[in-house]
Amino acid sequence: MNIRWNIVLSAIALVLLAWFYSLNQSEDNLSTLIKKPDSPEYTGQKMRTTVFSPTGKKQYFASAESISHFTTSGKTHFQMPMVYLFDIDTLNTDSGNDKESWKLSANKAVLTKNNMLYLEGNVIAESLFTHSRLQRVETESAVVNLSTQDITSDTTVKIYGQNFHSTGLKLSGNLHQQIATLKEQVNTYYEINKQ
């Protein structure tokens with residue numbers, strides 16, 4: 001009888017030791033569930049959003065292949081962003097005819113909490129109005145204030161307009177006003193139409 005009790009008690013002791021050992025093991029699965037301080041608050045794929053002005057008019061529409069938002073810095077990172085700016089004149093009227101005026105695209109972008117959009121890689125700003133004096137801006141990096149539509153760039157820039165195109169090393173301008181000022185090593189080519 002003693003041998004039987006020793007075997008049963010030994011089996012129970014082994015089960016308890018195995019259970020206790022399994023409780024003390026570090027769970028790698030749980031550590032991946034805990035958010036790290038430098039990781040994004042949320043991420044998304046195939047994102048589309050419309051942002052409105054304080055008066056309720058459309059300010060811009062944005063879409064991207066993927067996004068990551070960081071709450072601590074207030075920055076949102078975009079991959080393959082496409083941003084449509086709306087005409088500022090229609091923002092100040094009650095007409096409800098919100099017109100897309102510019103299309104911005106790049107390989108990646110960062111949006112700050114004060115509406116500054118930092119575009120990187122194959123940046124293109126394209127007017128959606130056929131009668132616009134300034135039709136297209138191409139560069140490798142640019143900064144756009146989404147509230148005022150001011151644009152700046154410190155990389156080589158090409159601009160295209162009605163009957164001209166120019167290149168320069170720096171740009172400052174305003175998309176809404178169709179103004180672009182090129183600085184440093186500026187070359188401009190005009191097309192003269194003979195009628």
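Which residues make a nonpolar surface patch of about 880 Å²? In this predicted model, the patch is built from W5, V8, L9, I12, L16, W19, F20 and L23. One of these residues, L9, belongs to helix α1, which covers residues 2–23.

Turning from the surface patch to the pockets, the largest pocket encloses a volume of about 200 Å³. Its lining comprises 19 residues, among which Y42, T49, T76, F78 and L111 come closest to the pocket centre. Several strands take part in this lining: β1 (42–52), β2 (58–70), β3 (75–79) and β6 (108–111) each contribute at least two residues. In terms of chemical class, the lining of the largest pocket holds 13 nonpolar residues, five polar ones and one charged residue.

The second largest pocket offers about 150 Å³ of space. Here the lining is made up of K46, M47, R48, S63, A64, E65, M80, P81, M82, S105 and A106. Strands β1 and β2 appear again, each giving at least two residues to the lining of the second largest pocket, just as each does for the largest pocket. The class make-up of this second lining is six nonpolar, two polar and three charged residues. For readers who wish to place probes or ligands on the model, the two linings can be set side by side: one charged residue is found in the lining of the largest pocket, and three are found in that of the second largest.

Key
Residues numbered from 1 in each chain as written. Predicted model: local features only at pLDDT ≥ 70, side-chain atom pairs only at ≥ 80, totals over all residues. Heavy atoms only, no water. Patch = residues over 30% accessible without salt bridge, like charges linked within 9 Å, V, L, I, M, F, W, Y side chains within 5 Å. Areas by Shrake-Rupley, 256 points an atom, 1.4 Å probe, with all protein chains shown as cover. Salt bridge = Lys/Arg side-chain N within 4 Å of Asp/Glu carboxyl O. Helix = DSSP H or I, 4+ residues; strand = E, 2+ residues; numbered from the N terminus. 1 Å grid on protein atoms, 1.4 Å probe; cavity = no way out; pocket = protein on both sides within 12 Å on 5 of 7 lines; lining within 4 Å. Points joined across faces, edges and corners; volume = space filled by probe spheres on them. Nonpolar A, V, L, I, M, F, W, Y, C, P; charged D, E, K, R; others polar.
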